[in-house]
Amino acid sequence: MFLFSLSFLCGILILQSFSHLPHFSWLVGIIFFIVLYFLFFKKSEHYLKLILPTAGGFIWAWSYACLQLSWSLPPELEGKPLKVTGVVSSIPDREMHATRFRFLIQKIQFENKIKSPKALVQLSWQEAPEKLHVGDQWQFLVHLKRIHSLMNPGGFNYETWSFQEGIRATGYVVSKEGVLISSAWYHHLLDRLREYINENIKENLPKTRTSSWLTALALGERHDISPDDWQVLRNTGTNHLMAIAGLHIGFMATFFYRMVAWIWRRRPQLTLKIPAQHAGAIAALAITFIYSAMAGFSIPTQRACLMLSLFLITLLLRRKILSWPTWSAALFFILLSNPLSVLTASFWLSFGSVALIIYGMSGYLAPKGLWWKHGRIQWVIAVGLIPLSIGWFQQYSLVSFVANSIAIPCIGFFVVPLTVFGCFFLFFSAKLGAILLWLADKVLSLLWIFLVYLSHLSWASCYQAVPTMGYIIIACIGIVILLLPVGFPGRVVGILWLLPCLMYRPPHPAPGDVWLTLLDVGQGLSTVVQTQHHILVFDAGARLSDHNDMGENVVVPFLRSLSVRYIDRLVISHSDNDHIGGAPAILKQIPTYLIESSVPYKFPAMPASYCLRGETWQWDQVIFQFLYPTRDKLSLDNNSSCVLRITTGNQHILLTGDIEKLAEEYLMNFSAADLAADILVAPHHGSRTSALNEFIFAIHPHIVLFSVGYRNRYHFPDPAVVKKYQNIGAELYDTVHAGAIQIQLKMRQLPFHIALYRFDHQGYWSDEVANTESRE
């Protein structure tokens with residue numbers, strides 16, 4: 001069963017490596033191979049038999065993916081008012097400005113055309129009515145757009161996440177009031193119960209720093225958790241504690257097993273009918289399903305529920321089952337229910353941690369002692385998950401052993417039982433339920449103080465650039481060697497296998513070379529310039545909310561992927577949010593030596609100065625020079641933007657911020673030689689308010705880059721501006737089609753090396769816009 005499940009997994013992973021979904025002929029070929037196998041190779045070697053489940057995994061994943069991709073929003077319907085009818089399929093997340101929820105569309109109507117796609121979309125609704133509940137059928141007008149993710153090295157891929165979740169479009173409700181067609185709550189009874197518990201927790205529990213975590217531990221709903229709180233958990237290696245999984249379900253199952261068995265043994269008449277051990281197992285099985293249902297049967301809870309159920313059922317049947325077959329069966333059934341779960345971190349962390357426990361805690365005869373009972377399992381998880389932590393989060397914690405040694409007993413023995421019992425009593429006695437939840441919150445608050453203290457230690461965690469898959473595999477082999485039972489020779493060699501992953505450093509420019517990366521920050525701007533030993537960040541993108549901060553979500557992860565420990569110079573061109581908004585997040589997480597800006601007073605606590613014309617410096621044989629503004633041009637909003645020219649050899653880059661025609665006219669005072677540039681980041685995102693013909697001809701760029709957002713409301717870049725650059729024969733690229741754009745300039749070598757991140761890293765599920773050609 002073990003090799004069968006792994007082979008099935010390999011077949012699914014093979015499909016995920018394709019950039020385009022294979023043609024139907026692939027499926028025919030695989031089926032033809034299976035037929036040949038049964039005809040001629042049925043009694044062949046054992047390794048040939050593993051090809052069959054591998055082929056089965058590939059076919060199953062292909063079929064599932066085809067079903068997911070069977071409907072996409074037609075491009076011509078994007079942004080159009082559509083009348084949709086469907087069912088609210090998730091608990092509405094009510095925020096300050098809007099309510100977010102998933103909606104299963106049953107019917108779409110546009111200009112007398114009606115379609116029934118059965119598609120899941122993510123909607124937001126300003127001033128949504130209180131009567132909006134999961135399971136209700138509604139009709140309203142919406143504006144939809146296709147799923148389109150920002151694409152950057154080290155960043156979160158929303159397209160991949162949406163694909164495996166089954167979400168096919170996003171949008172918002174246009175009408176202030178929709179039409180409630182029916183309230184068929186019985187079709188979504190489980191979600192209705194979860195929504196009721198969620199609302200009662202918020203009503204009966206005072207809002208505190210940790211109260212939102214109780215909702216996460218009870219229902220798996222983590223919408224209200226701030227990015228700062230997640231950072232604390234990542235720094236301490238305890239983020240797994242706030243996602244309901246085997247640990248939490250196992251504690252509750254053990255608690256109920258022992259409690260019911262203890263009560264049963266004290267009632268002789270009961271033990272005559274059912275043994276106490278069986279009664280405890282039945283109670284544990286019941287709470288396993290109840291708690292998993294409360295969590296919405298997420299991937300980790302499905303895995304835990306399957307494994308615990310198999311164990312408890314064999315206990316009731318007086319059978320013995322081994323750990324690896326149980327793990328393998330759970331893996332196979334999870335992949336059968338959703339093969340796309342392999343695209344999520346939770347899948348790998350969930351099954352990986354259990355596999356580590358089985359492997360690291362086996363092979364010992366009658367182990368005893370406090371270390372074995374409480375210490376070794378923490379050490380196994382802390383060390384064993386390092387490769388996965390680096391691969392998914394670009395960091396690993398050095399204090400996770402200490403943090404988990406305190407946090408796991410605290411969460412398992414106190415917080416989770418109090419929270420679950422509190423939710424249960426909310427149905428009967430709101431006062432008693434509120435008391436239990438209050439106690440859970442107080443215990444969690446004390447634990448949180450300890451975790452915050454650990455996370456603020458300068459050495460609490462290490463950030464590591466994400467190496468290639470080969471490094472991760474080598475590191476996993478090292479973990480297997482390192483966790484061998486005592487007595488096996490050469491266990492210390494495992495550390496040597498880990499070192500390539502831990503010591504990996506990405507390549508960097510040679511002396512005199514410049515690497516320019518225009519990050520995909522949506523409608524905004526952020527550019528990173530690398531020389532051999534220095535880093536310059538030009539603008540920081542926008543900050544739209546706590547959860548939508550380009551500095552936090554894009555710039556910092558990208559710098560982490562380069563193993564950047566500090567920023568030599570942060571240039572903020574001007575005060576518009578789409579340029580300065582992400583700066584606080586960057587400054588908070590990465591030490592910065594100097595800030596230069598046209599608005600340095602925006603950074604009162606940092607060493608900031610004006611970016612004034614004439615300032616020049618040199619890094620690693622690369623010359624940097626500010627061309628604009630002058631002191632008398634510092635109060636002109638967009639026209640006060642910093643303009644930076646970068647020179648290596650006879651090649652030049654021009655970064656222009658949001659300058660418009662007024663500033664362009666002033667820059668025309670420079671000679672053509674002093675203004676010319678090979679690479680130009682287009683002024684003001686390609687707005688019509690910029691791009692004077694004389695300015696364009698003076699610069700005469702070979703490559704023009706546009707930093708714009710998908711379907712942005714300004715319609716940047718303006719077609720007339722695009723035409724002007726095309727007329728001079730420039731190559732044009734924009735972040736919508738290309739994602740992050742990386743250009744390497746060699747001091748004495750042409751042509752430039754250009755890498756378009758979206759094209760190089762697209763999956764078969766990627767938005768069709770990625771499969772179109774960039775503007776020529």
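Reader: Where does E111 lie?

Author: E111 lies in the loop between β3 (99–110) and β4 (113–115). Helices (H or I, at least four residues) and strands (E, at least two) are DSSP runs, numbered from the N terminus. This is a predicted model in which local features need pLDDT of at least 70, side-chain atom pairs count only at pLDDT 80 or more, and totals for chains, interfaces and linings use all residues. Residues are numbered from 1 along each chain as its sequence is written, and side-chain values use heavy atoms, with hydrogens and water left out.

Reader: Why is E111 called exposed?

Author: Exposed means over 50% relative accessible area, buried under 20%, and partly exposed in between (1.4 Å probe, protein chains only). E111 has a relative accessible area of 61%, so E111 is exposed.

Reader: Why is D539 called buried?

Author: The relative accessible area of D539 is 0%, and therefore D539 is buried. D539 is placed in the loop between β13 (535–538) and β14 (543–545).

Reader: What makes the phi of E111 worth listing?

Author: Phi of E111 is near 50°, a positive value in a residue other than glycine. Most residues other than glycine have a negative phi. D539 is not a glycine either, and has a positive phi of about 70°.

Reader: Which peptide bond ending at P629 is listed, and is that bond cis or trans?

Author: The bond from Y628 to P629 is cis, with omega near 5°. P629 is found in the loop between β20 (622–628) and β21 (643–648). The bond from F716 to P717 is also cis, with omega near -5°. P717 sits in the loop between β24 (703–706) and α27 (719–727). Most peptide bonds are trans.
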